[in-house]
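Reader: Hello! I am new to looking at structures, and I would like a close look at the place where the two chains meet. Could you walk me through it?

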Amino acid sequence: MMSTSIIYLVYLVAAVLFILGIKGLTKPRTAVKGNRLSSLGMLIAVVVTLFDQSILSYQWIIAGIIIGGATGATLASKIQVTSMPQLVAMLNGFGGGASLLIALANFLDPQSATHTIALISIAVTILIGSVTLSGSFVAFAKLQELISGNPIAIPANKLLNGILFVAAIVLSIMIVNNPNDTVLVYLLVAVALVLGLLLVLPIGGADMPVVIALLNSYSGIAAATTGFITGNTVLIVSGALVGASGLILTQIMCKAMNRSLFNVLFGVMAEGGETIDADEVYAGKVKSSSAEEIAMMLETAERVIIVPGYGLAMAQAQHAVRDLANVLEGRGTQVLYGIHPVAGRMPGHMNVLLAEAEVPYEQLIEMDEINPQFEQTDVAIVIGANDVTNPMAREDKGSPIYGMPILNVDKARSVVIVKRSLSPGFAGLPNPLFAMDHTLMLFGDGKKAIVELTQSLKEAD
Amino acid sequence: MDILLLLTLFVVAIFLGVEIITKVPPTLHTPLMSGSNAISGITLVGALLSAGSGAGMWVNVLGFIAVVLATINVVGGYMVTNRMLAMFKRK
């Protein structure tokens, strides 16, 4: 058996490896090494814990690790890259769920739930763990399209959430004062689970990147509060790191939408001054084009910027886009990709998708860097993106999306929009970009349209 | 352990996290999320202690389910991060 001091020293080593690992994950060059360091930290933390003298039997542990390990490995290797947002949502939920169960187990353990600090930590962990579990479950269901991805309106949303939150706090205080009353704990679990459901149900698809990042943060905080129950330092440090990383991503996502976290969580859109009539914006000005016509335009283009959105993921068009880029590059055209931070359903969604199609990441250009380049661009091709290219965000002070940073696609010499129809994006607004003189619409399924375009371009040679 | 020490550790670790992750390139947003998610699977340590404790059947059962969930988190998180990073690496 190992002494507690040695175990905690090894935990310290693990925590250092996590810090180095997460630091590595912030640069493309060091990311693979960072992930390895962090997994090494996890391995030694788990192995040293197995020597803890409070562990009396190993059959539950072995069974759990075999089942969990096999499931995790299968999920990670079988999942389609287009389903990555669902997987991340699911993993967040499992993290929160594990913390919740550990808090419950500690509550039932007469040796663990002895002092006030442990009881407070148990109550807080139950609250955050349950919200993470049920919130992630709703996010998963929305992304997997088990339920509608649109915002689901809940009457008196803010009031209801407020009441549930106050109820959770009151229950927590009661648990600390009556540690023998198990009913209170189950009530807290129920209230917190409902709170998680109600927090995520009203949030629509385009706001998903914020939610996923926030739940990521919660899963870390829940791990940290679990550490407070038994005074486990490695849990506190690693949980805090993950909590911080999730918070930073949440902040980046909110900034990229020019919305506060509060507004995203409670589905508040800025007041749109006047309602904008789609017919008025589009009438007689939208030009529908064909693959042949656009191929002719691309033949002489020197620089093309491709702007992907969620529609690219929906149509699974990433490989078709790469083929088109290959043909263009073969003809001497420079191809770049303009990536909006909130394009898609999770932070970095487009980057992962295009990386799967072997697009070198040097060609994926961030918004601030690509925007000055549109003016020297012959053709911008927008595939399945809408709100993030809407010039109203830049020009129309009365517009609900005014102030949101956008990709200045309209500055390119010609713009091609690949889209199923003129239907509005998440913000419900018409996009004046579609009606501009230098814009051509290529209506149809993203993948099919791009494949036809590539075909026409090849035939032109 | 002294609660004040633990709180200090928690707050300092949050600030440390914010400092080291100040500017993540968007290319790495998803791997950072799945990789840090694997780290939050560190609750596995707490789950192991509950699953193996002698505090009774229910503690063990809850611990067992927690071990399953946390292991999915750890193994799935690290493997899928590795898979994504491998896609970014190749040229």
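Author: **Where chain A meets chain B**

Putting chain A and chain B together buries about 7800 Å² between them, and carbon and sulfur atoms give 78% of that area. Buried area here is the accessible area, found with a 1.4 Å probe, that two parts lose on being put together, summed over both. Before going on, please note that this is a predicted model, in which local features need pLDDT of at least 70 and side-chain atom pairs count only at pLDDT 80 or more, while totals for chains, interfaces and linings use all residues. Residues are numbered from 1 along each chain as its sequence is written, chains are lettered from A and ligands numbered from 1 in the order in which they are written, and side-chain values use heavy atoms, leaving out hydrogens and water.

Let's see who takes part. On one side are 101 residues of chain A, in contact with 80 residues of chain B (contact means heavy atoms within 4.5 Å). Across this interface the rule finds 15 residue pairs in polar contact, both residues at pLDDT 80 or more. A polar contact is a pair of N or O atoms within 3.5 Å; within protein, one must be able to donate a hydrogen and the other to accept it, and residues adjacent in sequence count only if both atoms are side-chain atoms.

Several elements of chain A give two or more residues to the side that touches chain B, among them α1 (4-24), α2 (31-49) and α15 (349-356). The largest share, 16 residues, comes from α4(A). By kind, the residues on this side of chain A divide into 61 nonpolar, 30 polar and 10 charged. In this count Ala, Val, Leu, Ile, Met, Phe, Trp, Tyr, Cys and Pro are nonpolar, Asp, Glu, Lys and Arg are charged, and the others, Gly among them, are polar.

Now for the partner. Chain B has four helices and zero strands, where helices (H or I, at least four residues) and strands (E, at least two) are DSSP runs numbered from the N terminus. The radius of gyration of chain B, taken over C-alpha atoms, is 17 Å, well over the 12 Å that the globule rule (2.2 Å times the number of residues to the power 0.38) gives for 91 residues, so chain B is more spread out than a compact globule. Its C-alpha trace spans about 55 × 35 × 10 Å along the principal axes.
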